[in-house]
Structure formats: C-alpha cells, structure tokens
Amino acid sequence: MKHFLLLTAFLMASVASAKPVAFLKQSGGFCPGTCPSSSITIEQNGTVIVEIQKYVPTPSVERRVLLRMGKELTAAMLKDIQSISSAELVDTDEGQPFCADIPELLFTVVQGNQKIDIGYDRDCHKFRMANFHGSQIVDMLKDFLQLHYYSLR
C-alpha cells in the first residue's frame with residue numbers, strides 16, 4: 001500500500017509539472033453577441049488542454065482535457081518542435097483577396113524558454129514560416145481545434 005501511495009503521488013506530481021510546448025490561440029471573428037476565445041495547449045506529456053474564455057452573460061473560463069496523445073506521437077512532436085529554426089512568417093495566400101470577421105489563429109511553440117510563432121491565420125490568409133518549419137505542428141493544432149468543436153455537438 002505504501003508503494004502504491006508513493007507511485008500515485010509521483011504520477012500526480014509529474015502530471016502537475018507538465019510544461020506547455022505548443023499553443024493555438026483563437027480570437028476575434030463575428031458572431032451574435034460576444035464570441036468566446038479558445039486556446040489549445042499541448043503539454044510536454046502529450047496532454048491537450050482546451051481553454052475557452054466566455055464573456056456573455058458574465059466573464060468565465062472553462063478549462064478541460066481534450067485528449068492525451070500516445071508516447072510515439074508525443075515524442076515525434078517534441079522532436080519536430082526542437083528542430084524548428086525561426087524564420088520570417090510569409091503570406092502563403094499572397095495576391096488573394098482579404099476578408100474580415102473570421103477568427104484569427106496564432107500558432108506558437110516553445111523551445112527551452114523561448115516562444116516561437118510558427119504561423120497565424122488572419123483575414124483569410126495563412127502566414128507560415130518561410131523555411132516551412134512547424135507546418136505539421138500547425139496542422140496538428142488546427143485538427144485539435146476541430147476536435148474541440150466536434151466535442152461541443
């Protein structure tokens with residue numbers, strides 16, 4: 001029993017100390033009333049957290065676990081994050097018309113203590129790193145946002 005309690009305490013401490021390694025922040029957009037802002041956070045242990053900030057009828061924050069990634073997927077993502085070299089964000093939709101009133105998405109990873117913006121979507125345009133680094137992380141974060149929307153049905 002003593003070993004079980006020690007193991008439980010160790011596991012709880014390791015989950016509590018999980019560090020964020022990738023973020024998606026959604027903001028803005030037009031909707032009736034005031035739109036909630038959502039964020040997706042991937043922690044170093046593979047836990048994917050959703051946080052929703054609502055403003056109507058009163059300000060509130062809802063935070064929940066969306067899913068937990070397997071060890072292989074988590075290891076591949078961490079390896080990908082560490083291989084990212086910072087580069088200018090360029091408009092991949094250059095020359096296309098702009099639009100308004102859609103949510104903006106900002107994609108960020110953490111290397112050590114440094115945050116690196118790896119992309120953003122704004123005004124119907126996608127801005128990504130000129131060296132194409134982080135593109136799979138962006139896709140993964142967008143997929144998690146879609147899973148979050150799906151879970152609200």
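Which strands does helix 2 lie across? Select residues 71-82 to find out: helix 2 lies across strand 1, strand 2 and strand 6, and it runs at about 90 degrees to strand 6. Keep in mind on this tour that you are looking at a predicted model.

**Stop 1: the whole chain**

Zoom out and colour by secondary structure. You should find three helices and eight strands. Walk along the sequence and the pattern reads α-β-β-β-β-α-β-β-β-β-α. The chain has 153 residues, and 33% of them count as buried. Now switch on the surface: the chain exposes about 9800 Å², with carbon and sulfur atoms supplying 58% of that area. If you look at contacts with a separation of 6 or more, 53% of them are between residues 24 or more positions apart.

**Stop 2: the sheet**

Hide the helices for a moment. The eight strands make an open sheet in the order 4-3-2-1-6-7-8-5, with antiparallel pairing. Select strand 4 (60-68) and strand 5 next: these stand at the edges, each with a single partner strand, so one side of each has no neighbour in the sheet. Neighbouring strands here are turned by 20 degrees against each other on average, direction ignored. What holds strands like these side by side? Strands of a sheet pair through backbone hydrogen bonds, either parallel or antiparallel.

**Stop 3: strand 2 and its partners**

Select residues 37-43, which make up strand 2. Is this strand mostly covered or mostly open? It is mostly covered, with seven of its seven residues buried. A bit of background helps here: in a regular strand the side chains alternate between the two faces of the sheet. On one side of strand 2 you'll find Ser37, Ser39, Thr41 and Glu43, on the other Ser38, Ile40 and Ile42, and all of these are buried.

Now add strand 1 (residues 20-27), which pairs with strand 2 in the antiparallel sense over six bridges. Two partnerships are good to click on: Phe23 has Thr41 as its bridge partner, and Pro20 has Glu43.

Go to the other neighbour, strand 3 (residues 47-54). Strand 2 and strand 3 are also antiparallel, over six bridges. Click Ile40 and you'll see it opposite Val50 in strand 3. The two strands form a hairpin with three residues between them, and Gly46 in the turn has a positive phi of about 95 degrees.

**Stop 4: on to strands 6 and 7**

Return to strand 1 and look at its link with strand 6. Six bridges join this antiparallel pair. Ala22 is the residue to select, as it stands opposite Val109 in strand 6. Stay on Val109 and look towards strand 7: the bridge partner there is Ile116. Strand 6 and strand 7 pair in the antiparallel sense over seven bridges.

Bring the helices back and select residues 135-151. This is helix 3, which packs on the sheet and touches strand 1, strand 2, strand 3, strand 4, strand 6, strand 7 and strand 8. Its direction makes about 125 degrees with that of strand 2.

**Stop 5: the disulfide**

Show the cysteine side chains. A disulfide is a covalent bond between the sulfur atoms of two cysteines. This structure holds one, joining Cys99 to Cys124 with an S to S distance of 1.6 Å. Where do its two ends sit? Cys99 is in the loop between strand 5 (89-91) and strand 6 (104-111), while Cys124 is in the loop between strand 7 (114-122) and strand 8 (125-129). The two are 25 residues apart, so the pair links distant parts of the chain. The torsion about the S-S bond is about 90 degrees, so this disulfide is right-handed. Both ends are partly exposed: Cys99 has a relative accessible area of 24%, and Cys124 has 39%.

**Stop 6: a pair of rings**

For the last stop, look at aromatic rings. A pair of aromatic rings is described by the distance of the centres and the angle of the planes. The count for this structure is one aromatic pair. Select Tyr120 and Phe127: their ring centres are 4.4 Å apart and their planes are at 15 degrees, so the pair is stacked. Is Phe127 buried or exposed? With 13% relative accessibility, Phe127 counts as buried, because the cut-off for buried is under 20%.

How values were computed
Residues are numbered from 1 along each chain as its sequence is written. This is a predicted model: local features need pLDDT of at least 70, side-chain atom pairs count only at pLDDT 80 or more; totals for chains, interfaces and linings use all residues. Side-chain values use heavy atoms; hydrogens and water are left out. Helices (H or I, at least four residues) and strands (E, at least two) are DSSP runs, numbered from the N terminus. Buried means under 20% relative accessible area, exposed over 50%, partly exposed in between (1.4 Å probe, protein chains only). Contact means heavy atoms within 4.5 Å. Accessible areas come from the Shrake-Rupley method with a 1.4 Å probe; for residues, only the protein chains shown count as cover. Rings of Phe, Tyr and Trp (its six-membered ring) pair if their centres lie within 6.5 Å; planes under 30 degrees apart count as stacked, over 60 as edge-to-face and the rest as tilted. Two strands pair if DSSP finds at least two bridges between them. A disulfide is a pair of cysteine sulfur atoms within 2.5 Å. Axes are lines fitted to C-alpha atoms, for helices over the stretch in contact, and angles run from 0 to 180 degrees between N-to-C directions.
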